[in-house]
Amino acid sequence: QRQLVESGGGLVQPGGSLRLSCAASGFSLDYYAIGWFRQAPGKEREGVSCISSSDGSTYYADSVKGRFTISRDNAKNTVYLQMNSLKPEDTAVYYCATAWERLCRGGYDYWGQGTQVTVSS
């Protein structure tokens with residue numbers, strides 16, 4: 001069965017860091033672009049970052065650019081989201097998802113269950 005499992009969320013103080021992991025099972029992430037999304041209570045889901053599987057190109061939302069870094073480890077079949085300089089407005093449930101292709105475009109089909117990130121003093 002194709003599954004994505006996010007982990008690494010938790011409670012951190014403003015300015016702190018977390019590294020989220022997106023581990024795939026039942027398929028290889030080598031052939032898909034992987035996106036990170038987040039959704040806060042009462043807000044719509046928003047795209048955070050994406051990494052392609054073709055040339056490794058990465059993309060970031062303006063709100064996280066310079067603070068977050070997406071990467072992939074094909075040997076571990078895992079994609080990471082390193083989050084630094086966290087702000088309270090980063091508080092949300094974070095999801096990873098596979099795109100329909102290698103590039104960061106088009107739709108996403110498989111989603112993980114999400115991991116909670118809370119940034120609070």
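Where is the place of V64: in a strand or in a loop? I looked this up before anything else, in what is a predicted model. V64 sits in the loop that joins β6 (58-60) to β7.

**Entry on V64.** I then asked whether V64 is buried or exposed. Its relative accessible area is 1%, and buried means under 20%, so V64 counts as buried. I listed its contacts, leaving aside neighbours within four places in sequence. They are R38, V48 and D90. I also checked K87, which is 23 residues away from V64 along the chain. The C-alpha atoms of V64 and K87 are 9.8 Å apart.

**Entry on F68.** I made the list for F68 with neighbours within four places in sequence again left out. F68 touches R38, V48 and D90, and these three are also the partners I had noted for V64. The list for F68 further holds Y60, L81, Q82, M83, N84, L86 and Y94.

**Entry on the core.** Which residues have the most contacts inside the largest nonpolar core? I found W36, F68, V79, L81, M83 and Y94, in a core of 27 residues. I then looked at which strands supply at least two residues each. They are β3 (18-25), β4 (34-39), β5 (46-51), β7 (68-73), β8 (78-83), β9 (92-99) and β11 (115-119). β3 gives the most, with four residues. As a general note, nonpolar side chains in soluble globular proteins tend to be buried together.

**Entry on the fold.** How many helices and strands does the protein have? I counted zero helices and 11 strands. Read along the sequence, the pattern is therefore β-β-β-β-β-β-β-β-β-β-β, and the radius of gyration is 13 Å, close to the 14 Å that the globule rule gives for 121 residues, so the protein is as compact as a globular protein of that length. I noted the spans of the C-alpha trace along its principal axes as about 40 × 30 × 25 Å.

**Entry on contacts and burial.** I looked at contacts with a separation of 6 or more, and 58% of them join residues 24 or more positions apart. Of the 121 residues, 41% count as buried.

**Entry on surface and charge.** The protein exposes about 6,200 Å², and I noted that carbon and sulfur atoms supply 46% of this area. I counted 12 positive and 11 negative side chains. The centres of the two sets lie 2 Å apart.

Technical notes
Residues numbered from 1 in each chain as written. Predicted model: local features only at pLDDT ≥ 70, side-chain atom pairs only at ≥ 80, totals over all residues. Heavy atoms only, no water. Rg over C-alpha atoms; globule rule 2.2 N^0.38 Å. Buried < 20%, exposed > 50% of the residue type's maximum accessible area, 1.4 Å probe, protein only. Contact = heavy atoms within 4.5 Å. Areas by Shrake-Rupley, 256 points an atom, 1.4 Å probe, with all protein chains shown as cover. Lys, Arg positive; Asp, Glu negative; His and termini not counted. Charge placed at Lys NZ, Arg CZ, Asp CG, Glu CD. Core = buried A, V, L, I, M, F, W, Y, C linked by side-chain atoms within 4.5 Å.
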